[in-house]
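Dear colleague,

I am handing over the structure below, and I would be glad if you kept it open while you read the notes that follow.

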Amino acid sequence: MGKVTGFKEFERKDESYKPVKDRVKHYNEFTVPLKDKDMTEQGSRCMDCGIPFCHSGCPLGNLIPDFNHMVHQGEWQKASWILHSTNNFPEFTGRLCPAPCEQACVLGIIEDPVSIENIEKSIVERAFKEGWIKPQPPKVRTGKTIAVVGSGPAGLAAAQQLNRAGHTVTVFERDDAIGGLLRYGIPNFKMEKGIIDRRLAILEAEGIVFKTNVNVGVNYDVEELKKFDAIVLCGGATERRSLPTPGIDADGVVQAMDFLTQQTKVVFGQKVKNQVLATGKNVIVIGGGDTGSDCIGTSNRQGAKSVVNFEIMPKPPGHRSSTTPWPYWPLQLKTSTSHKEGVERNWLINTKEFVTNAKGKLTALKTVNVEWEMVPGERPKLIEIAGTEKTWKCDLALLALGFTGPESTLAEKLGLERDVRSNYKAEYGKYQTNIPNIFTAGDMRRGQSLIVWAISEGREAARQVDIYLMGKSDLATKNEEGDLVGL
């Protein structure tokens, strides 16, 4: 695929970024796209590798060598068709996916892998610019009605697939705007919300009905929900993890998602009462994942006095660890654009106490350094290192600790079973719960995961719903090897 000798002739190029001193002054995206000539060369780097392991790395089964080849040839419209045949929302994944496909790229064994994610983003942006992405409403309606609860990537993917199969789909979202965590959980500087809105316009034109401010089981009776022929639950894993640490209830200890959501709402002109701000404060972000990184970027934009990051796990190696060889997802240090905007990062550190003043306001954190004791066949054991206790000035502590699973309310009201990890239980491969006409997909079914997995699960669940309602389905699916069939 691509140019036979392209991987020998061209080095990897990624889009660049606007200077830190400029981009921290606003909440807009700050990437600088490559020129078309450069993108064509990047597509040319895709090897004729025989077995494209990028397929195994991509949960969606994207036809990566095929759209790379089209970019190499300058066939951008064909590239868009190929990309959209497996991925409903490449404009989301092209910005937010950690790109496991690139870590499985065969070229990555000897050189920098093909810049698959950036190529994907460039294809879809070109397609929107040229007007190639148009509504595809079904020619015939089946008369079947489907409720999709949750409008994150899993819910939106399921809704689009089911609508294109001819069913009448209504999407319920408990927040005031469609998008789930894409809307308020992802900072605007990582994805501007107009990116969501232009796709929603397509979905609405295809006939999908969206209802916001509808919290099923709270302000919308589940008996009304049961009137639909089928239900797809895609509410995500939104139970936030906390810490069993003294002082956790202090004024100034805030869940990361509350902090991020408030700022995004303010960006779009909403008034947030008692908004949590990092301005002029000593901020400590607890948690070293993507959400922690987002808190760092937001804190710097709000004008924090200092930003420190704690992670209880060891610092990953700068290069792929031998414990995660190609083509597996690597254990490797990740430095995001937010990290580069200013932060002190600390590993193997555990918070022992949130210190407050007489009024209950956070003033400091007490920590201790730790190490992990690994015994074969046993769970890793956390060991505190004596004499490493330290007190850190802190006015705002942001808990970016991930999520423990989905909320239980809806499962209880619908009579759904849950698995040992508290996820909504569904038969493997069928996404069907213990109630035959209720299905579940995405983080609600599998736990906190990647955006590509959410879209993949939404698509696969849609096919199973279609089969349940109609006895068969023409919607594309992945086989056991992860390859797409039915296109």
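Is Pro153 buried or exposed, and what is its relative accessible area? Please bear in mind throughout that this is a predicted model. The relative accessible area of Pro153 comes to 13%, and because residues under 20% are classed as buried, Pro153 is buried.

Pro153 is a good place to begin looking around. This residue belongs to helix α10, which covers residues 153–164, and, once its neighbours within four places in sequence are set aside, its contacts are Phe89, Leu182, Ile451, Ala454 and Ile455. The chain also brings Glu457 into this picture, since 304 residues separate it from Pro153 along the chain, while their C-alpha atoms are separated by 9.4 Å.

Pro153 lies within a span that carries an annotation. In an unreviewed entry, UniProt lists residues 145–458 as "domain: FAD/NAD(P)-binding". In the model, this span is 24% helix and 24% strand, and the C-alpha atoms at its two ends lie 17 Å apart.

The next thing to find is an open sheet of five strands, which run in the order β5-β4-β3-β6-β18 with parallel pairing. Its edge strands, each of which pairs on one side only, are β5 (209–211) and β18 (438–440), and from one strand to the next the twist averages 20°. In general, the strands of a sheet pair through backbone hydrogen bonds, in either a parallel or an antiparallel way. Within this sheet you can follow β3 (residues 145–149) alongside β4 (residues 168–172), as the two pair in the parallel sense over five bridges, and Val149 has Phe172 in β4 as its bridge partner.

Helix α6, which covers residues 76–84, shows how a helix can be arranged against its surroundings, for its buried residues are Trp76, Ala79, Ser80, Ile82 and Leu83. Seen down the axis of α6, these buried residues fall within an arc of 165°, and so they line one face of the helix. They pack against α3 (36–44), α5 (64–73), α7 (90–96) and α9 (116–130).

Finally, a few words on the whole protein, which has 18 helices and 20 strands. Its radius of gyration is 23 Å, close to the 23 Å that the globule rule gives for 487 residues, so the protein is as compact as a globular protein of that length. Buried residues make up 51% of those 487 residues, and, of the contacts with a separation of 6 or more, 67% join residues 24 or more positions apart.

With best wishes

How values were computed. Residues are numbered from 1 along each chain as its sequence is written. This is a predicted model: local features need pLDDT of at least 70, side-chain atom pairs count only at pLDDT 80 or more; totals for chains, interfaces and linings use all residues. Side-chain values use heavy atoms; hydrogens and water are left out. Buried means under 20% relative accessible area, exposed over 50%, partly exposed in between (1.4 Å probe, protein chains only). Helices (H or I, at least four residues) and strands (E, at least two) are DSSP runs, numbered from the N terminus. The arc is that of the directions from the helix axis to the C-beta atoms. Contact means heavy atoms within 4.5 Å. UniProt positions are given in the numbering used here, feature names are shortened, and annotations may be inferred rather than shown by experiment. Two strands pair if DSSP finds at least two bridges between them. Axes are lines fitted to C-alpha atoms, for helices over the stretch in contact, and angles run from 0 to 180 degrees between N-to-C directions. The radius of gyration is taken over C-alpha atoms; the globule rule is 2.2 Å times the number of residues to the power 0.38.
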